[in-house]
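Here is a friendly briefing to read with the structure open beside you. Take your time, and look up each residue as it comes along.

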Amino acid sequence: MTQKVSNFPSIFSHEYYIDKNPDVAAAGVDPLQHYLNHGQKEGRWPCALPALELEQTLWQAVDAEPYLAQLQQLWQKQQSLHSALAAWVLARWFASVGQWQQALPLLPPLLQDEIALNILSHQGPFLLAFSTYFNCKQTAQAHAVLSHPLWADTVDKQLARSMLVGGTEKLRLLNNVFAKHCLTPLQLNTQANLDSLQAEKMKSAWYRFFRPRTIQPKVSIIVPCFNASKTIATALKSLLQQSHRNMEILVADDCSTDNSVAIVQQFAKRDKRIALVQLTTNSGAYVARNTALQQASGDFITTHDADDWSHPEKIERQVQALQQDATLMASVSHWVRCSPELVFQRWRMEDAWVYRNVSSLMFRKAVFEALGFWDCVSVNADTEYYYRIKQQFGDNSIVEVLPGVPLSFGRADENSLSQTKDSHLRTQFRGVRKDYHDAAMAWHKTASSLYLPAMPEQRPFVAPARICRGSQGYRQHNVRLILEQKQLFDAAWYLRRYPDIAQAAAEPLAHFIAHGAAEGRDPLPTFSLSGYAYQQQLPIPAALAHWLKAVEPEKYAVHIAGEAGKLTPSTMMLVGHAVSDKLFGAERSFLDVVKALSQCPFKLIVVLPSAHSAKYITALRQYVDTVVIMPYYWWRAERPDEPAVLEQFTHLFKQYAVKLLYVNTIVLSEPLTAAQSVGIPAVLHVRELLAHDPSLCKVLNVDDAKMRQVLLQRKVSFVANSAVVQNWLNAPERCVVVPNILDITEWPLLPLPKQARLQVAMLSSNLPKKGLDDVIAIAKRCCELGVTADFLLFGPSNKHVKQRIAAGLPHNLTFCGYAEQPQLAIAQADIVLNLSQFQESFGRSVLEAMAAGRVVVAYAWGALPELVQPDCGILVPFRDVEAVVKALTTLATDLSGRQQMGEAARNFVASRFSPDTIAVKLEHFFQQQMRL
């Protein structure tokens, strides 16, 4: 392509050449002579070429910018050879992404450096320069490139020359290419575009017209089609004009929504060699091919894209090659990509525009019988089939027909699959195409059988999730392979995290793929699928598929930016323990603390175990700098800390320069252990009283004495949400009482419902421990005594509620369901009950009712006496149903008393529990801990 230059030895490095080519050293030949006679043709380098070394990394890089910057520096140094090669690499990159103007200034130093052109040793630099000038509409410079003395007269050069003219002159230049190889020329026309191409009347061998069609081997041509109404006619016309006449054309329509089918049917009426095969569901080009392949009856089988044009002798030439050598199993021809206006191109400039067309692969029926069908993926399955043939039948089993001559013109469409971001051809260097190719090659080398059925239920090897097609079972099996190969699933952790799966004896990975992912369960102790779904704004059931489409799926915590953006060196990490789809007390209390602390001079980083409530996450983001979602679960006696979770918390402390850790409940362990290991002070908010909460004791596998012992052994300070909790801890030197928060501005004084009958409400989680049976008993007793009162039970439906409804509720009790906004529930009530069977450590629902100006009737139990003052409500002995009924009987007839008590309750809440008041207490305590 280029000529050797006399000053070449000046840049040659004997030492480099010997070091990089030990075979030359072993042969004892002169290094320079070896390079001139052999090495240059073999692609060996005469010396260190940093630009070409950078190029190898550039195309595989996740971030190309650092390598582009280094190449720019090389180019700007104006050291002739290295500057020219840097110009080649840079211009090639810019051209591949359509940044032609950036490539322009790089061309002169490249075209003027003969040594660089000799090292590259192909016409790529000239094609690159021509394309750049052409796309920048610099026609004179494009003509000048065609006159460059080192650019030999090649097919590609003829194609380039044709781009500078139009009409019949363009087609004459193309005919020169075909005439040189004794191929039928094209009819001349003034349109000269891809869709107007048509061959002249055949002038080749006489036997085409006088030999009976049955003597010719039959060729099955499979044409996958999806919404190809604008191009399918061009493809079919080019096939019907083929010199090889004995063929069947199987058009496999993949559920087109345009009029492609009607066009194909019109062609089929005119020529019986065309048959329409229709798929019932859209499945992708290769599944469409497989569907047609099952009907193929030819001696030879090939494919043709619905938007391409083929020269009329393409099929014949490929058949002839196989007929002439019975040892050959397949043939391929070459093609060139072009726009509909016959502007020739290649997405990444190589040594030629014309190259092997793997889609033209024509194989014997014996190949199909041995290897079966194409792989069920979106891209690259024809390349996989090509190499599968070579693996099965040998490297010399496929012949290339007329190399360097374009027997097909492939339509280059910016909307086609090969140009889309996720499966662009550049992913052959890094991404789905490379991953798929590498996996396929490994399968070829290790599989005992390379046969693939048309619709397999299991994948033979892992395929990138973005390109895997086929049945649901097939895709699920591929998900399994991806998770296993990339180590994205921890089965042992999954069983520890979800004991219900262990109890069911389910295979963990199978459960995760079939059910767990859609439920928002996590595959790793370090990665939250629900957090990823929130981050990507996806429904949770769609998160797994989206996650696995990444080249390297994320394995660690999901970081979601908050809106606070504080500039302060004092960073607090606040760790929550629950994220429910409904905002219960745990979520609301944590949100209150975060909101209050947002007024303080702390940068807040919130960590949550999941993102199952988008509403909750969005609410938190208003007050913090970052929300981190990572899996962790409740502590349980005898359960050791998860090492991966400890490591991730430790990493987060360092990443955010955390000065103080706040954990909002006693049921977490790993964040406290991690903080202690790195010397970060920690504060634990104690909101539980276990002595009368057997269900929580069962979950944690402790009694209250053991739990207290565990807490006091930790090197932490405590915030108790009530005096009763502080007394239980009995560690006054380490503990401060800070009650829960209630913002009175969010609770307007709600007018009483003014019903004829007293309206009595209870808001809870509707568990037995919350007093479910007591409220039913109270309602029944009021019925018996004729107390004019209706009972409204607000809370989620669950098995306990369903059982009570099935058994029959008293007529004065109504189950009202869960109230998204407690204000709406409380507004329907005159009186609010709290009948918890365990000691409330605080009593949030009580405080909310008081804020709304409601009288509370509750058991004198736990921390409630700290809230319900004598003038604010009525306390009765624990589980004294008759005392509750008596209080309701009195209140039913005392409207004035209810109003006075309600106003007193509201005033008490406003003075003691406002965010400002609590924020001052918390800030003072937290500042103390940071100074310790």
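The buried residues of helix H21 pack against helix H20 (381-393). Keep in mind that you are looking at a predicted model. Helix H21 covers residues 432-446, and the points below start there before moving on to other parts of the chain.

**Helix H21**

- The buried residues of H21 are Val432, Arg433, Tyr436, Ala439, Ala440, Met441, Trp443 and His444.
- H21 has 15 residues, so at 1.5 Å a residue it should span 21 Å, and its end C-alpha atoms are indeed 21 Å apart.
- The partner in the packing is H20, which runs over 381-393.

**Helix H17**

- H17, made of residues 285-293, is mostly covered, with seven of its nine residues buried.
- Those buried in H17 are Tyr286, Val287, Ala288, Arg289, Asn290, Ala292 and Leu293.
- What do the buried residues of H17 pack against? Their partners are strand S1 (219-225), strand S2 (247-253), strand S4 (300-303), S8, H19 and H20.
- H20 therefore turns up as a partner for the buried residues of H21 as well as for those of H17.

**Aromatic pairs and a cluster**

- The structure holds 33 aromatic pairs.
- One of the pairs is Phe363 with Trp374: the ring centres are 6.0 Å apart and the planes meet at 70°, so the pair is edge-to-face. An angle over 60 degrees is what puts a pair in that class.
- Phe363 belongs to strand S8 (residues 355-364) and Trp374 to the loop between helix H19 (365-371) and H20, so this pair ties together parts that are eleven residues apart in sequence.
- Are Phe363 and Trp374 buried or exposed? Both are buried.
- Phe842 and Phe913 also form an edge-to-face pair, with 6.0 Å from centre to centre and 75° between the planes.
- This pair links distant parts of the chain, 71 residues apart: Phe842 is in the loop between strand S22 (831-834) and helix H38 (844-851), while Phe913 is in the loop between helix H41 (895-912) and helix H42 (915-931).
- Phe842 and Phe913 are both buried.
- Phe489, Trp493, Tyr494, Tyr498 and Phe512 come together in one aromatic cluster.

**Charges over rings**

- Arg459 has its charged end over the ring of Phe461, 4.8 Å from the centre of that ring.
- Arg639 lies over the face of Tyr633, and the distance to the ring centre is 4.2 Å.

**Two alanines with positive phi**

- Most residues other than glycine have a negative phi. That makes the next two residues worth finding.
- Ala192 has a phi near 50°, a positive value in a residue that is not glycine.
- Ala192 is in the loop between helix H13 (167-180) and helix H14 (207-210).
- Ala657 also has a positive phi, about 50°, although it is not a glycine.
- Where is Ala657? Its place is in the loop between helix H30 (643-655) and strand S15 (660-663).
- Ala192 counts as buried because its relative accessibility is 3%, under the 20% cut-off.
- Ala657, with a relative accessible area of 43%, is partly exposed.

**Ile666 and its surroundings**

- Ile666 is in the loop between S15 and helix H31 (670-678).
- Its relative accessibility is 3%, so Ile666 counts as buried.
- Leaving aside neighbours within four places in sequence, Ile666 is in contact with Leu684, His685, Val686, Glu688, Leu690, Met707 and Leu711.
- Ile666 and His577 are 89 residues apart along the chain, and their C-alpha atoms are separated by 9.2 Å.

**The whole chain**

- The secondary structure comes to 42 helices and 24 strands.
- A compact globule of 932 residues would have a radius of gyration near 30 Å, but this chain has 38 Å.
- Taken along the principal axes, the C-alpha atoms fill a box of roughly 115 × 70 × 50 Å.
- Buried residues make up 57% of the 932 residues.
- Among contacts with a separation of 6 or more, 68% come from residues 24 or more positions apart.
- The accessible surface of the chain is about 38,900 Å², and 51% of that belongs to carbon and sulfur atoms.

Technical notes
Residues are numbered from 1 along each chain as its sequence is written. This is a predicted model: local features need pLDDT of at least 70, side-chain atom pairs count only at pLDDT 80 or more; totals for chains, interfaces and linings use all residues. Side-chain values use heavy atoms; hydrogens and water are left out. Helices (H or I, at least four residues) and strands (E, at least two) are DSSP runs, numbered from the N terminus. Buried means under 20% relative accessible area, exposed over 50%, partly exposed in between (1.4 Å probe, protein chains only). Contact means heavy atoms within 4.5 Å. The expected span of a helix is 1.5 Å times one less than its number of residues. Rings of Phe, Tyr and Trp (its six-membered ring) pair if their centres lie within 6.5 Å; planes under 30 degrees apart count as stacked, over 60 as edge-to-face and the rest as tilted. A charge sits over a ring if NZ of Lys or CZ of Arg is within 6 Å of the ring centre and within 35 degrees of the ring normal. The radius of gyration is taken over C-alpha atoms; the globule rule is 2.2 Å times the number of residues to the power 0.38. Accessible areas come from the Shrake-Rupley method with a 1.4 Å probe; for residues, only the protein chains shown count as cover.
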